[in-house]
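Visitor: I've never looked at this one before. Could you walk me through it?
Guide: Happy to, so let's bring it up.

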Amino acid sequence: MAVVKLPWDLEEEILSRLPPRPLVQLRSVCKHWNALFNDKSFLNNHLARARPQFIFLTESKIYSIDINLGGTLEVRELPYDFPCQAMDLMHTTITSCDGFLFRDFWKQGVAVWNPWLRQVGWIDYEDKGFHFCGVGYDSPDKDYKILGYLDCLRRVSDTYHWPTMEPLSLNGNLYWVVHDLETHECFIRCFDFSSEIFKPFCLLPCQKNHSRDELVLAVFKGDRFSLLKQCYVTGKIEIWVTNKKIDGEEVVWINFMTLPTSNLPKLVNKFCGISYFIFDKTLIMCCGDGQTGAPCIYIVREDMFKKIQIESRIVRFSHCVYLPNLVAVPLKFRSLQV
């Protein structure tokens, strides 16, 4: 039987739809397939098709959780390729920037991590009192920078500027939600890495009606924002999204969906954090159970509510990150100091 060779563009399209783990295993099949890992267009196409995944950390292990919208989970233990152990899990965070994953090790350094290619770069803290906030870059050259502070240099008057929660990295800048105690307005604050200044970015589309209402910012479709608001009194969830990518122009918010369910736990003061993403009119959220604090995945849409407990213990969560990233860790990250 004759072997039928597919056109290269069709072959590339099929490969771009594969999950990252089998795709990495296939790179050794031929030189052409291996070359795709250096093809920026292919890597961007692959990333655009991927759903976010959750990462959670225990004292000694790291797991990724892939969620099927039908209500099933695939939990994978990721290899521990880091050069050290976390001194304090409560101060360990994982964040993403421009397709890379950054894991902060309190009082030690930052690992630049690709779990699928099993590559780790390391940025050492010269001053062990450095507090990591997030990562961004200068445009358009993408000169990566870390934002943080030293306790001895941070003044009480500076507290208003600095993030009180882990900020989001988008288009090279950091963003987080701020509640102005004088005006009682809630807005997004930004750190611009090109100009190296803090500045207000935009007002939120909804405000707190109760001091314990919860507002959680996330990235939507890779280049926009989503905002989750939970009313503390009723438990009602509102999801807002920006109508186009964040590019410095005026921000317009759209009320994307409302979930009147009371089955979700109250999100205020969650010990292990709150991570969520929106996919195809479905809310996928990871947070602690309302009674036990054990981590659970909630899958919610108009016709569905599903809760899946993934651990019996309280663990530490990162933000929801786009794990399917096949970009090699740059050599310049191998031995830097901050």
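Visitor: Which strand pairs with strand E11 over six bridges?
Guide: Keep in mind that this is a predicted model. Strand E11 covers residues 173-179. Its partner over six bridges runs in the antiparallel sense and spans residues 186-192. That partner is strand E12.

Visitor: Which residue in E12 stands opposite Val177?
Guide: Val177 falls in the stretch 173-179, which is strand E11. Look across to E12, and the residue facing Val177 is Ile188.

Visitor: In what order do the four strands of the open sheet come?
Guide: Strands of a sheet pair through backbone hydrogen bonds, either parallel or antiparallel. Here the pairing is antiparallel, and the sheet is open. The order is E10-E11-E12-E13.

Visitor: Which are the edge strands?
Guide: An edge strand of this sheet pairs on one side only. That describes the strand at 168-170 and the one at 197-203. They are E10 and E13.

Visitor: By how many degrees are neighbouring strands of this sheet turned against each other on average?
Guide: For this angle, the direction of the strands is ignored. The average turn between neighbours in the sheet is 35 degrees.

Visitor: Now the charged side chains. How many salt bridges does the count come to?
Guide: Side chains of opposite charge can pair when their charged atoms come close. The cut-off used is a nitrogen of Lys or Arg within 4 Å of a carboxyl oxygen of Asp or Glu. By this rule the count is eleven.

Visitor: Which residue does Glu196 meet in a salt bridge at 2.7 Å?
Guide: Glu196 sits in the loop between E12 and E13, and its partner is in strand E9 (residues 143-150). The pair links distant parts of the chain, 51 residues apart. The partner is Lys145.

Visitor: Is Glu196 buried, partly exposed or exposed?
Guide: Buried means under 20% relative accessible area, and exposed means over 50%. Glu196 has a value of 49%. Because that lies between the two cut-offs, Glu196 counts as partly exposed.

Visitor: How far apart are the closest N and O atoms of Asp223 and Arg224?
Guide: These two form a salt bridge. Asp223 is partly exposed at 25% relative accessible area, and Arg224 is partly exposed at 22%. Their closest N and O atoms are apart by 3.6 Å.

Visitor: Which residues are joined into one network by salt bridges that share partners?
Guide: We've already met the pair Glu196 and Lys145. With shared partners counted, the network consists of Asp138, Lys145 and Glu196.

Notes. Residues are numbered from 1 along each chain as its sequence is written. This is a predicted model: local features need pLDDT of at least 70, side-chain atom pairs count only at pLDDT 80 or more; totals for chains, interfaces and linings use all residues. Side-chain values use heavy atoms; hydrogens and water are left out. Two strands pair if DSSP finds at least two bridges between them. Helices (H or I, at least four residues) and strands (E, at least two) are DSSP runs, numbered from the N terminus. Axes are lines fitted to C-alpha atoms, for helices over the stretch in contact, and angles run from 0 to 180 degrees between N-to-C directions. Buried means under 20% relative accessible area, exposed over 50%, partly exposed in between (1.4 Å probe, protein chains only).
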